[in-house]
Amino acid sequence: MIVPGRLDDMEADLLSHAMRRYPETLAGTRALNGALDSDSDALTRGELLGRYVVLDRLGAGGMGVVYAAYDPELDRKVALKLLLPRQKEGQGDDSDARIRLQREAQALARLDHRNVVAIHDVGMLGDRVYLAMEFIEGRTLSAWLQAAPRGWREVLAVILAAGEGLAAAHEKGLIHRDIKPDNIMVDGDGRVRVMDFGLARTGDEAAAERPALAAGVSHGADALGSELTRTGSVMGTPAYMAPEQFHGLGTDARTDQFSLCATAWEALYRQRPFVGDSFALLAASVVAGRLVSPPPRSPVPTWLRRVLERGLRNNPAERFPDTQALLAALRADPTPRRKTMAAAAAVVAVALAGYALHSTE
């Protein structure tokens with residue numbers, strides 16, 4: 001159970017400062033006068049988590065709850081991720097989950113890249129882990145796509161930026177293992193960041209896992225886009241998981257490559273590359289490599305579809321050798337070269353025609 005700190009006079013002044021700075025999220029806030037109820041997982045406005053003043057709840061995932069908070073020491077707004085207790089889900093001891101969240105902090109601390117969310121701090125409160133991250137004023141890729149019509153080049157630019165952040169993680173030997181539209185953020189300036197490394201592993205740790213196909217999972221269609229966390233060490237989001245994740249085989253950078261291509265396919269075509277009305281049917285489609293055909297008359301060029309198809313192959317050895325190779329292929333638009341070649345051919349044709357005309361005179 002978490003017992004957030006009480007607000008003394010100085011902290012109350014800090015909270016007042018936070019209320020003045022962020023009135024839209026702190027309207028009606030009052031100081032905490034007691035501990036959280038033992039059955040409650042939620043923090044409320046004005047409570048302290050370490051030195052951070054909780055402002056508002058932003059959302060939750062399979063590993064934790066995320067709050068907006070105020071850092072009085074550095075006078076800035078941050079995102080706080082608090083690990084969910086797993087005992088209530090009948091999952092036994094949550095020490096593995098704490099280790100995963102600590103791994104996220106350590107992984108991000110080793111990264112310094114404009115396309116990866118920055119981590120500021122990590123701490124413990126009792127047996128609960130939290131980390132303070134860069135607060136991003138923006139939208140997830142899913143929300144960004146819904147906000148306005150997006151051409152394929154604009155979408156591709158976001159995918160490329162996310163891929164650069166992912167490549168930076170891979171260069172540090174880190175595998176994300178849960179790339180999906182909701183883990184890619186686009187801020188108001190168009191800057192893209194990959195976030196939520198809660199499932200990250202080093203290359204050395206990417207050993208065989210418990211196969212999801214043998215785990216007796218009975219997710220419905222509405223759960224295919226949610227994190228899979230009820231199958232022991234199997235982690236990920238089914239709609240974007242690579243075949244090796246379903247089989248419980250070792251994961252590496254090519255696993256993230258598959259998920260990034262699945263995300264790109266959905267963003268470009270507005271449909272997922274693999275379908276299934278249940279977890280089992282989806283897994284069967286992914287493992288068999290049964291791609292859904294793109295919509296007819298799609299503006300997405302054929303060359304781009306072929307790049308994504310390679311990244312989505314069920315055999316990792318048949319994908320691109322690394323993330324940078326995938327990004328190079330995504331940038332290799334042959335259209336400008338074809339236009340240049342066509343223009344050059346036209347010039348040559350005109351010159352030859354002129355020469356032929358001159359020769360007959």
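**Figure 1. Ser259 in helix α7 of the predicted model**. Ser259 is a residue of helix α7. With a relative accessible area of 2%, Ser259 counts as buried, because the cut-off for that class is under 20%. Setting aside residues up to four places away in sequence, Ser259 touches Ile179, Tyr240 and Gln245. The view shows Ser259 together with these three residues.

**Figure 2. The crossing of helices α5 and α7**. Helix α7, which holds Ser259, is shown here with helix α5. The two axes come within 10 Å and cross at roughly 165°. Angles over 145 degrees count as roughly antiparallel, and α5 and α7 are therefore roughly antiparallel to each other. The crossing of α5 and α7 is right-handed. On the α5 side the contact is made by Trp152, Val155, Ile159, Gly163, Leu166 and His170. On the α7 side the contact is made by Ala253, Asp256, Leu260, Thr263, Ala264, Ala267 and Leu268.

**Figure 3. The open sheet β7-β9-β10**. Three strands make up this open sheet, in the order β7-β9-β10, and their pairing is antiparallel. Strands β7 (138-140) and β10 (192-194) are the edge strands, since each pairs on one side only. From one strand to the next the twist averages 25°. Strand β9 (residues 184-187) is joined to β10 by three bridges in the antiparallel sense. One residue to locate is Met185, whose bridge partner in β10 is Arg193. Helix α5 (residues 152-171) packs on the sheet and touches β9 and β10. The direction of α5 makes about 40° with that of β10.

**Figure 4. Helix α8 and its buried residues**. Helix α8 spans residues 279-288, and its buried residues are Phe279, Leu282, Ala283, Ser285 and Val286. Seen down the axis of α8, these buried residues fall within an arc of 160°, so they line one face of the helix. The elements that cover the buried residues of α8 include α6 (243-247) and α7 (253-269). Gly289, just after α8, takes a positive phi of about 70°.

**Figure 5. The crossing of helices α9 and α10**. The helices in this view are α9 (residues 302-311) and α10 (residues 323-331). Their axes come within 9 Å and cross at roughly 165°. Helices α9 and α10 are therefore roughly antiparallel to each other. The crossing of α9 and α10 is left-handed. Residues Trp303, Leu304, Val307 and Leu308 of α9 make the contact with Leu326, Ala329 and Leu330 of α10.

**Figure 6. Strand β6 and its partners β4 and β5**. Strand β6 covers residues 128-134. Seven of the seven residues of β6 are buried, so the strand is largely enclosed by the rest of the structure. Strand β4 (residues 76-83) runs antiparallel to β6, and five bridges join the two. Ala79 stands opposite Met133 in β6. Strand β5 (residues 119-125) also pairs with β6 in the antiparallel sense, over six bridges. Asp121 stands opposite Ala132 in β6. Strands β5 and β6 form a hairpin with two residues between them. Gly126, in the turn of this hairpin, has a positive phi of about 70°. In a regular strand the side chains alternate between the two faces of the sheet.

**Figure 7. Tyr52 in strand β2**. Tyr52 lies in strand β2, which covers residues 52-60. Its relative accessible area is 1%, so Tyr52 counts as buried. Residues touched by Tyr52, not counting those up to four places away in sequence, are Glu47, Ala69, Tyr70, Asp71, Val78, Leu80, Asp121, Tyr130 and Ala132. Among them are Asp121 and Ala132, which stand opposite each other in the pairing with β6. Tyr52 and Pro72 are 20 residues apart in sequence, and their C-alpha atoms are 7.0 Å apart in space.

**Figure 8. Setting of the close-ups within the protein chain**. The chain contains 11 helices and 11 strands. Of its 361 residues, 48% count as buried. Among contacts in the chain with a separation of 6 or more, 61% are between residues 24 or more positions apart.

Definitions and conventions
Residues are numbered from 1 along each chain as its sequence is written. This is a predicted model: local features need pLDDT of at least 70, side-chain atom pairs count only at pLDDT 80 or more; totals for chains, interfaces and linings use all residues. Side-chain values use heavy atoms; hydrogens and water are left out. Buried means under 20% relative accessible area, exposed over 50%, partly exposed in between (1.4 Å probe, protein chains only). Helices (H or I, at least four residues) and strands (E, at least two) are DSSP runs, numbered from the N terminus. Two strands pair if DSSP finds at least two bridges between them. The arc is that of the directions from the helix axis to the C-beta atoms. Contact means heavy atoms within 4.5 Å. Axes are lines fitted to C-alpha atoms, for helices over the stretch in contact, and angles run from 0 to 180 degrees between N-to-C directions. Angles under 35 degrees count as roughly parallel, over 145 as roughly antiparallel, 65 to 115 as roughly perpendicular and the rest as oblique. A crossing is left-handed if the near helix is turned anticlockwise from the far one by less than a right angle, and right-handed if clockwise.
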